[in-house]
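Here's a quick briefing to read alongside the coordinates. Have a look at the model first, then come back for the notes.

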Amino acid sequence: MLQLLSLLHPRPLYQPAAALQAPAPWWSGPAALLAYSAVFGLLQSATALLNADVLNEAHAEWLRAAALSGSPAIEATITPSPWRPLLFPLYWLAYATFCTLLRWGMASLQALEFGLARIALVTSWAALPFAIIGGLLGVVNLLFPYSPDNYSVGRIWLSALAVGLAFAWEGLIFVRGAATSNAVRRGPTALVWLTPAIFFLIVVALYIFVAQAVS
């Protein structure tokens with residue numbers, strides 16, 4: 001547990017770059033992210049295999065509910081597969097790469113002294129809370145799958161709260177780590193961190209605008 005907390009609070013990221021005798025290599029962040037996501041991917045696959053009967057029954061309930069309502073539910077269109085979580089490392093690597101490029105672009109626009117390698121390192125470390133909390137939520141959902149008869153609003157709110165905690169944790173690691181190690185003010189660094197979220201909101205707003213215009 002102490003080693004896990006040390007990874008989620010990586011002290012080398014909070015030291016000025018000039019004070020580091022051996023700065024962490026850029027690939028150490030992606031390597032940690034891949035390792036943790038692989039562990040939780042294996043854990044979810046094992047849970048899905050052990051709980052296959054319950055998952056298949058929940059899937060069948062969604063299919064029956066969709067047939068009765070006349071409109072297929074999202075849950076009814078997804079065939080449960082115990083092997084899908086094994087692809088989690090690829091998903092998280094793609095996520096970290098996408099966020100790194102967006103943040104590097106914003107840092108370049110602000111003329112901040114952030115190198116691409118440094119942003120890749122901090123972004124990957126900062127994504128660990130998302131990977132771990134997301135992995136734990138995945139295990140819980142596999143143990144107690146949602147179904148038409150087991151659909152708790154309170155549970156959805158708790159999941160949303162956990163994701164919000166992961167988001168805040170990511171921000172703390174990125175802003176504090178990037179700003180301290182590069183001697184950059186935290187305001188511009190916070191904007192760099194929020195760039196992927198802002199991009200996502202813009203895409204959603206454009207999608208809604210176009211959908212309404214077409215309809």
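A word on confidence before anything else: pLDDT is the predictor's confidence in each residue, on a scale from 0 to 100. It matters here because this is a predicted model. The protein is all about helices: there are nine of them and zero strands.

**How far to trust it**
- Across the protein the mean pLDDT comes to 81, with 80% of the residues at 70 or more.
- Ranked by mean pLDDT, helix H5 (residues 88-109) is the highest of the elements at 93, while helix H1 (residues 2-8) is the lowest at 47.
- Residues 1-5 stay under 50 in pLDDT, and the model gives them two contacts beyond four places in sequence.
- Residues 17-22 are another stretch with pLDDT below 50, and here the model has three contacts beyond near neighbours in sequence.
- Where pLDDT is low, don't read the predicted coordinates in detail.

**Overall layout**
- Reading from the N terminus, the order of elements is simply α-α-α-α-α-α-α-α-α.
- The chain has 215 residues, and 38% of them are buried.
- Take the contacts between residues at least 6 apart in sequence: 75% of these join residues at least 24 apart.

**H2 against H5**
- Helix H2 (residues 28-50) packs on H5 at an angle of about 145°, and the two axes lie 8 Å apart.
- The crossing of H2 past H5 is right-handed.
- On the H2 side, the residues that meet H5 are Leu 33, Leu 34, Ser 37, Ala 38, Gly 41 and Gln 44.
- Their partners in H5 are Phe 88, Pro 89, Trp 92, Leu 93 and Ala 96.
- Sorted by class, this contact between H2 and H5 has eight nonpolar residues, three polar ones and no charged ones.

**Helix H7**
- H7 (residues 128-143) is 16 residues long and spans 23 Å from first C-alpha to last, close to the 22 Å expected at 1.5 Å a residue.
- Its buried residues include a run at the start: Leu 128, Pro 129, Phe 130, Ala 131, Ile 132 and Ile 133.
- Gly 135, Gly 138, Val 139 and Leu 142 are also among the buried residues of H7.

**Phe 114, a loop residue**
- Phe 114 sits in the loop between H5 and helix H6 (116-126).
- Is Phe 114 buried or exposed? Its relative accessible area is 8%, so Phe 114 counts as buried, the cut-off being under 20%.
- Phe 114 and Ala 179 are 65 residues apart along the chain, yet their C-alpha atoms are separated by 9.4 Å.

Definitions and conventions. Residues numbered from 1 in each chain as written. Predicted model: local features only at pLDDT ≥ 70, side-chain atom pairs only at ≥ 80, totals over all residues. Heavy atoms only, no water. Helix = DSSP H or I, 4+ residues; strand = E, 2+ residues; numbered from the N terminus. Contact = heavy atoms within 4.5 Å. Expected span 1.5 Å × (residues − 1). Buried < 20%, exposed > 50% of the residue type's maximum accessible area, 1.4 Å probe, protein only. Axes fitted to C-alpha atoms, helices over the stretch in contact; angles between N-to-C directions. Left-handed = near helix turned anticlockwise from the far one by under 90°. Nonpolar A, V, L, I, M, F, W, Y, C, P; charged D, E, K, R; others polar.
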